[in-house]
Amino acid sequence: MLNQVCPKIRSIPAAGLFVTNIAADMLGCDPFAQTQRSKLQHRRARINQQINKEMRMRAGAENLFRATTNNKVKETVALELSFVNSNLQLLKEELEELNSNMEVYQTDSEAINVPMIPLGLKETKEADFTVSIQDFICEHYGEDSALYDKEIKELMELRQAMRTPSRNQAGLELLMEYYNQLYYVDQRFFPAHRNLGVHFHWYDSLTGVPSCQRALAFEKGSVLFNIGALYTQIGARQDRSAAAGIDRAIDAFQRAAGAFNYLKENFSNAPSLDMSGPSLCMLVRLMVAQVQECVFERVTLTTHSAHFSSHLRLAQEAARVSDVYLLVQQTMTQPLMKDYVPFSWASMVQVKSEHFRALAHYYAAVALCDHMCTDEEAEKSFLQFYVSVPAGPPLSQVLQDPEKRRKLGKAHLRRAVIRHEEAMRVHGLCKILRKMDILQDVLSLTHKRSLDKYSELDREDDFDETAEAPEIKSHTHQKPDITAPNFSTVQVTDIFQRLGPLSVFCARARWGPVRLICLQRREGGLGLTLRGDSPVLVAGVVPGGCAEEAGLREGDYIVAVDGEDCKWAKHGEVVHMLKSCSDKGVEISVITLHANDTYVLAVASGHFKRGAWQHFGFSSSENENGGKVTDKAKTICIQCN
């Protein structure tokens, strides 16, 4: 069943642009370093392994229960199953608490900000490609696999380092480098008609449930998921007490949303729930909401003028944050997500929705009670401030009457206090959120501020019932962007480039055995026409010439001249080697592609069309020369002077 799941991740854009090898500079962080985050990752890995063990035990017990007819054995197995299920539940609860541990990823700044929600990385087991790649090199490429031990070791070291990326730009580049390198691994060693036999094991990011597939797309998708998860951690740790830190957080969360959105659009039939469509949709919306929250913080930070219109703007920005978190909350309550999303996440999202709605009403009250509307532009903004026109006197009349302004402001403050209290109630229901002192401080401070303001406006002779405040129309001056991954920012070199150009020497191509052709110098030349670069193609053979007599055929590729490898040689270099042959002649090694390899023939002849290659859901339109396949080679008749 492992090979029946068909992901459809497209190949990385402009894969041919990766030309600089930076593997030597890329190292994962020390998994044994006793940092707070590494301890958390280590505990998560241990729990994942225990969950995997318990699930194997449960599967074995269930098989035995179905197979046996002995009632006593059935009773014993049923008892064992109950113990295993209890252990699994405890482990999943422990893992949920770890995955809900948001404080580890927050900034060390003393500034009081509402904590963000980061995402833990997917864990993976070690995967050894060595034997599978060695066998494929011997069988498919007909070369001694021992000559490529260095390349195989480099790939294995890169994957090992990728498992523990550091929480900074270097960690992102490490993940991106491995992701880009998988493009070449796919082309070199994963043919369409068979798989390599390597199993990729990854654990669900939130539940720890293991998944296993032999499709390289699963490996690629999991790495892309971790790129998005790492961006969430980088965004959460920014110091948002300054505009520069807020901008970095916005950029990180937008890139996280882009990674999850790219995965959602290009990956289907996910084997783990964290990479399913509903989960990725929820994560994208969560990242967008956190971007909107950062936008509000920046507006608050940069609003120095105490004007009527500036507070209206703050109120509408806060209402916008509340709306997007409400949308996230609705996504989290969908059938597939309700029992999957950690309770602390759902609680935090609800707390934020209530908290920012309270702030919206607070800033509306401050605008009405503390500032005068002095210009027509501000009056126009107020007339469009509410979702619907409230009952009672016209808003333009309210603006001119201080008492009406006070009463409307008091109504907004009453709504603010109610929303603050609801946020504190939801916060108190979650054990994990109760441990977050900074969140408690934020909620308490804003609640007290609204209460104090309400007390200022309350009068002993105010016997009128407080009116219901109208709903504030949400609006933002900066809509969040979903920044798609730019895979060309990290340039890599094909580790196995010594196998030859991908246009010919790839897993999809099939060719006959290498033939050794001995050409003797004649008065009329060598009798062949060459075309193309890397490798050079025999475009024509002169009838009756020495090339035809030696067995050279049109369509052959020259891979060596006098024992010197020339798979990557340019057209002019091969021409020079052939012209420089001695009187004894020259020995050339050639291969012939099978006629049904239409993709390879198209690339080699320069007639490649976008989307012509589909494999495991990947579609590729690039080659190693930068994505534009052109026939720029000359046709030259080789003659001896």
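In this predicted model, Ala 539 touches Thr 529, Leu 530, Arg 531 and Glu 554, once residues up to four places away in sequence are set aside. Ala 539 belongs to strand S5, which covers residues 536–541. With a relative accessibility of 23%, Ala 539 counts as partly exposed, because the buried label is kept for values under 20%. The C-alpha atom of Ala 539 lies 6.0 Å from that of Gly 555, a residue 16 places away along the chain.

Gly 555 itself sits in a loop, the one that links helix H17 (546–550) to strand S6. Gly 555 is partly exposed too, at a relative accessible area of 29%. Not counting residues up to four places away in sequence, Gly 555 touches Leu 537, Val 538 and Ile 591. There is also a link to a stretch further along: 38 residues separate Gly 555 and Leu 593 in the chain, and their C-alpha atoms are 7.7 Å apart.

What goes on around S5 makes more sense once its strand partners are brought in. Strands S4 and S5 run antiparallel and are joined by four bridges. One of the pairings puts Leu 528 together with Val 541, its bridge partner in S5. The hairpin made by S4 and S5 has four residues between the strands, and there Gly 532 takes a positive phi near 85°. The loop between S4 (528–531) and S5 also holds Pro 535. The peptide bond leading from Ser 534 into Pro 535 is cis, and its omega is near -5°.

S5 also pairs with S6, again in the antiparallel sense, this time through two bridges. Here Val 536 stands opposite Ile 558 in S6. Just past this strand comes Asp 562, in the loop between S6 (556–561) and strand S7 (564–565). Asp 562 has a positive phi of about 50°, although it is not a glycine.

Another hairpin turns up earlier in the chain. Strand S1 (residues 200–203) pairs with strand S2 (residues 210–213) in the antiparallel sense, over four bridges. In this pairing, Tyr 203 faces Pro 210 of S2. Six residues lie between the strands of the S1 and S2 hairpin, where Gly 208 has a positive phi near 80°.

Now for the helices. Helix H3 (residues 130–141) and helix H4 (residues 149–162) have axes that come within 10 Å and cross at roughly 145°. The H3 and H4 crossing is right-handed. Which residues meet where these two helices touch? From H3 there are Thr 130, Ile 133 and Gln 134, and they meet Asp 149, Ile 152, Leu 155 and Met 156 from H4.

Helix H8 spans residues 277–302 and includes Glu 297. Is Glu 297 buried or exposed? Glu 297 is buried, since its relative accessible area is 11% and the cut-off for buried is under 20%. With neighbours within four places in sequence left aside, the contacts of Glu 297 are Asn 113, Arg 240 and Ile 246. The loop between helix H7 (243–266) and H8 is home to Asn 269. Asn 269 is exposed, at 52% relative accessible area, because exposed starts over 50%. Asn 269 has a positive phi of about 55° despite not being a glycine.

What about the cysteines? A disulfide is a covalent bond between the sulfur atoms of two cysteines. The structure has zero disulfides. Cys 138 is partly exposed, with 40% relative accessible area, whereas Cys 506 is buried, at 1%.

Finally, some numbers for the chain as a whole. The protein chain has 19 helices and eleven strands. Of its 641 residues, 52% are buried. The exposed surface comes to about 29300 Å², with carbon and sulfur atoms supplying 50% of it. Looking at contacts between residues at least 6 apart in sequence, 79% join residues that are at least 24 apart.

Notes:
Residues are numbered from 1 along each chain as its sequence is written. This is a predicted model: local features need pLDDT of at least 70, side-chain atom pairs count only at pLDDT 80 or more; totals for chains, interfaces and linings use all residues. Side-chain values use heavy atoms; hydrogens and water are left out. Two strands pair if DSSP finds at least two bridges between them. Buried means under 20% relative accessible area, exposed over 50%, partly exposed in between (1.4 Å probe, protein chains only). Contact means heavy atoms within 4.5 Å. Accessible areas come from the Shrake-Rupley method with a 1.4 Å probe; for residues, only the protein chains shown count as cover. A disulfide is a pair of cysteine sulfur atoms within 2.5 Å. Axes are lines fitted to C-alpha atoms, for helices over the stretch in contact, and angles run from 0 to 180 degrees between N-to-C directions. A crossing is left-handed if the near helix is turned anticlockwise from the far one by less than a right angle, and right-handed if clockwise.
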